[in-house]
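Dear colleague,

Please find below the structure that I am handing over to you. My findings follow directly after it.

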Amino acid sequence: MSLTDAQWAKIEPLLPDRAPKRGGRWRDHRQVIDAIAFKYRTGTPWTELPDHFGSWKGAHNRLRKWAADGTWEKVFTGLLARADAEGDLDWVVAVDSTIVRAHQHAAGAKTVPAGEPDDHALGRSRGGLSTKIHLASDSRCRPLAFILTPGQAGDAPAFPQVMARLRVPRPVGRPRTTPVMVLADKAYSSRAIRTHLRRRGIRAVISQPADQAANRKRLGKLGGRPPAFDRDAYKQRNTVERCINKLKQWRGLATRYDKTATIYLAGLHLAGSSSGRTDDPKETALGRSPP
């Protein structure tokens, strides 16, 4: 489950190369990333990390510091930018969400770091504490953007935030932010979302709920024309569901143990960075997929 030399070569240029001002030299980045990835893949408590990974406190501190300064997101977007430069992103984007149960250890955060939501993206429902992950993926089941909300939050209100997080840097010019097409299920069928996509020149392939269709027919001419819907293109929407399934193979993400949304989001960026292309279909950019 450790990084190979080829995998390390992809992410090493994206990591900080400067030692901290106090406390001596960084412990080897490669060893620390192996430790953090192992923790999230297996769901192992920090204090029970195998000894060959070194001090668990060092790995946790690196995770926390890089979450605060945006390093994990930088690695994530850097790998996306490389895939885009190689022509490996086709920009047919699917959007969906998934609910993650929060373990009791995720509750009780005493501080609110900069950029951390006041509710820590935790909500209560009949299932208990939960977090909802809103994400966009490409046609190869790779995540492109993440947003966290409390578990009871709706899908449609988070859609503009997901689209705003979709920014892939390019060697020259502005980052690319506009997909060719957006696929989404009935939860995203709203006039506001369709208008948002139309104004940006993005083709919307969103299924319409039966009650909306019935209401339009009841209004007759006042109901207007039904929205365009490409059934063949909609068949590709399963890519985002498959992307979610791949992320939840990491047991530390399938159940949330982190107290802050900032740290949990860092784990998602780490797992998302593992979705890069490799020669081995069972191998990801940060190690082999779990069995």
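In strand β6, I206 is the bridge partner of A184, a residue of β5. The model is a predicted one, and the pairing just named belongs to a set of four bridges that join β5 to β6 in the parallel sense. Between these two strands comes helix α6 (residues 191–199), and β5, α6 and β6 together make a right-handed β-α-β unit.

Strand β5 itself is covered on both faces. M181 and L183 lie on one side, V182 and A184 lie on the other, and all four are buried. This arrangement agrees with a general rule: in a regular strand, side chains alternate between the two faces of the sheet.

Strand β5 also pairs with β1, in the parallel sense and over three bridges. One of the residue pairs is A94 with L183, the latter in β5. Strand β1 spans residues 92–102, and nine of its 11 residues are buried. Two further strands pair with β1. Strand β3 (residues 128–137) runs antiparallel to β1, with eight bridges between them; here I99 stands opposite K132 of β3. Strand β7 (residues 255–256) runs parallel to β1 and is joined to it by two bridges, with R101 opposite T255 of β7.

A residue that you may wish to view on screen is R203, which is located in strand β6 (residues 203–206). Is R203 buried or exposed, or does it fall in between? Its relative accessibility is 40%, so R203 counts as partly exposed. Beyond its neighbours within four places in sequence, R203 is in contact with V180, M181, V182 and D230. With D230 there is a polar contact between the two side chains, at 2.4 Å. By contrast, G220 is 17 residues from R203 in sequence, and the C-alpha atoms of the two are 26 Å apart in space.

I turn next to the nonpolar core. The largest one has 72 residues, and I33, I36 and W72 are those with the most contacts inside it. Leaving out residues up to four places away in sequence, W72 touches I33 and I36 as well as R62, L63, W66, A67, A266, H269 and L270. As a general remark, nonpolar side chains in soluble globular proteins tend to be buried together.

Finally, there is the matter of the cysteines. How many disulfides does a search of the whole structure find? The search finds zero. A disulfide is a covalent bond between the sulfur atoms of two cysteines. Why do C141 and C243 not form one? The sulfur of C141 has its closest cysteine sulfur in C243, but the distance is 6.8 Å and therefore too far for a bond; the cut-off applied to a pair of cysteine sulfur atoms is 2.5 Å. Seen from C243, the closest cysteine sulfur is that of C141, again at 6.8 Å. Both residues are buried: C141 has a relative accessibility of 5%, and C243 has one of 1%.

With kind regards

Methods
Residues are numbered from 1 along each chain as its sequence is written. This is a predicted model: local features need pLDDT of at least 70, side-chain atom pairs count only at pLDDT 80 or more; totals for chains, interfaces and linings use all residues. Side-chain values use heavy atoms; hydrogens and water are left out. Buried means under 20% relative accessible area, exposed over 50%, partly exposed in between (1.4 Å probe, protein chains only). Two strands pair if DSSP finds at least two bridges between them. A nonpolar core is a set of buried Ala, Val, Leu, Ile, Met, Phe, Trp, Tyr and Cys residues joined through side-chain atoms within 4.5 Å. Contact means heavy atoms within 4.5 Å. A polar contact is a pair of N or O atoms within 3.5 Å; within protein, one must be able to donate a hydrogen and the other to accept it, and residues adjacent in sequence count only if both atoms are side-chain atoms. A crossover is right-handed if, with the strands pointing away from the viewer, the path from the first strand over the helix to the second runs clockwise.
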